[in-house]
Amino acid sequence: MKVVLFCGGYGMRMRSGENDSPPKPMQMVGPRPLIWHVMRYYAHFGHTEFILCLGYGAHHIKNFFLTYQETMSNDFVIRDGRVELLHSDIADWTITFVDTGLESAIGERLRRVRPYLEGDDMFLANYSDVLTDAPLDRMIDRFTASGAAASMMIVPPQSSFHCVDVLPSGEVKQITAVGKLPIWENGGYFVLTQEIFDHLPEGGDLVEDSCGALAALGRLYGYRHDGFWKPADTFKERAELDAGYHRGDRPWMVWERAAS
């Protein structure tokens, strides 16, 4: 299936100022940017056709792939002055780069790449800034069996804050960690069908408009995942992923486990 990656937002919670120009998907985790880790995850499960919804910082993303160096993450041999790769990352990938506007909402970005999805009954979509070890093949199988029009991966709340149950008098009755509440968050990994476009207005939002409408019709499936899932929405979160990578704690790199 094709994979639509939303990578054109400003990423204001990641940027430190006007001169901090690389877009969020190009922030580094180890020797590679976030977007590479996301794409490598999908490629591990056999999905190697990507559609990049570009906007802010598009030239950074284009330049990364136009000047891609396989030797950064693969073993190789130098023989007679020539480099011979022992493995390859992106040699079998197809990547379509589409300008979807600087100010477009996620749903509008999806609308603008619809022509590149013609003939595809199902496709995948992702925010390009969240890493997980979720079994994608199982996620797709369960969605297909559900008969729904769309699905999103849902995860337990990640906040470290506490919810407070308080009476009008001010008396606190209970304090509960957000992570222990019986609620789920949108995890940012989608399996979609063409039906999603029937509920996507011009300038609309993928989750609030399309998924919300499908949920009201009983046509949205939620895949629960309580394993590893971590966004890189802030500097702190990205730094934690980077630190995990360097100490060998990188469960999202499912392709490494498969190779070993």
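In this predicted model, Arg250 lies over the face of Tyr245, at 4.2 Å from the ring centre. A second charge is placed in a similar way: the charged end of Arg32 sits over the ring of Trp36. Here the distance to the ring centre is 5.7 Å.

Aromatic rings also pair with one another. A search of the whole structure finds 14 aromatic pairs. One of the pairs joins Phe123 and Phe197, with ring centres 6.1 Å apart. The planes of these two rings meet at 25 degrees; planes under 30 degrees apart count as stacked, so the pair of Phe123 and Phe197 is stacked. Phe123 belongs to strand β8, residues 122–126. Phe197 lies in the loop between β13 (185–193) and α5 (206–216). The pair therefore ties together parts that are 74 residues apart in sequence. Phe123 is buried, with a relative accessible area of 0%. Phe197 is also buried, at 8%. Both values fall under the 20% cut-off, which is why both residues count as buried.

Tyr127 and Phe190 form another aromatic pair. Their centres lie 5.6 Å apart, and the angle between the planes is 80 degrees. Planes over 60 degrees apart count as edge-to-face, so this geometry is edge-to-face. Tyr127 is in the loop between β8 and β9 (130–132), whereas Phe190 is in strand β13. The two residues thus tie together parts that are 63 residues apart in sequence. Phe190 is buried, with a relative accessible area of 1%. Tyr127 has 22% relative accessibility and so counts as partly exposed.

Ring pairs also build a cluster. Its members are Tyr41, Tyr42, Phe45 and Tyr189, linked by ring pairs.

The loop between β8 and β9 also holds Ser128. Ser128 is buried, with a relative accessible area of 0%. The side chain of Ser128 reaches the backbone oxygen of Phe6 at 3.3 Å. Beyond its neighbours within four places in sequence, Ser128 is in contact with Leu5, Phe6 and Cys7. Further contacts of Ser128 include Pro25, Leu34, Ile35 and Val38. Phe6 thus appears twice around Ser128: through its backbone oxygen and in the list of contacts.

Notes:
Residues are numbered from 1 along each chain as its sequence is written. This is a predicted model: local features need pLDDT of at least 70, side-chain atom pairs count only at pLDDT 80 or more; totals for chains, interfaces and linings use all residues. Side-chain values use heavy atoms; hydrogens and water are left out. Rings of Phe, Tyr and Trp (its six-membered ring) pair if their centres lie within 6.5 Å; planes under 30 degrees apart count as stacked, over 60 as edge-to-face and the rest as tilted. Helices (H or I, at least four residues) and strands (E, at least two) are DSSP runs, numbered from the N terminus. Buried means under 20% relative accessible area, exposed over 50%, partly exposed in between (1.4 Å probe, protein chains only). A charge sits over a ring if NZ of Lys or CZ of Arg is within 6 Å of the ring centre and within 35 degrees of the ring normal. A polar contact is a pair of N or O atoms within 3.5 Å; within protein, one must be able to donate a hydrogen and the other to accept it, and residues adjacent in sequence count only if both atoms are side-chain atoms. Contact means heavy atoms within 4.5 Å.
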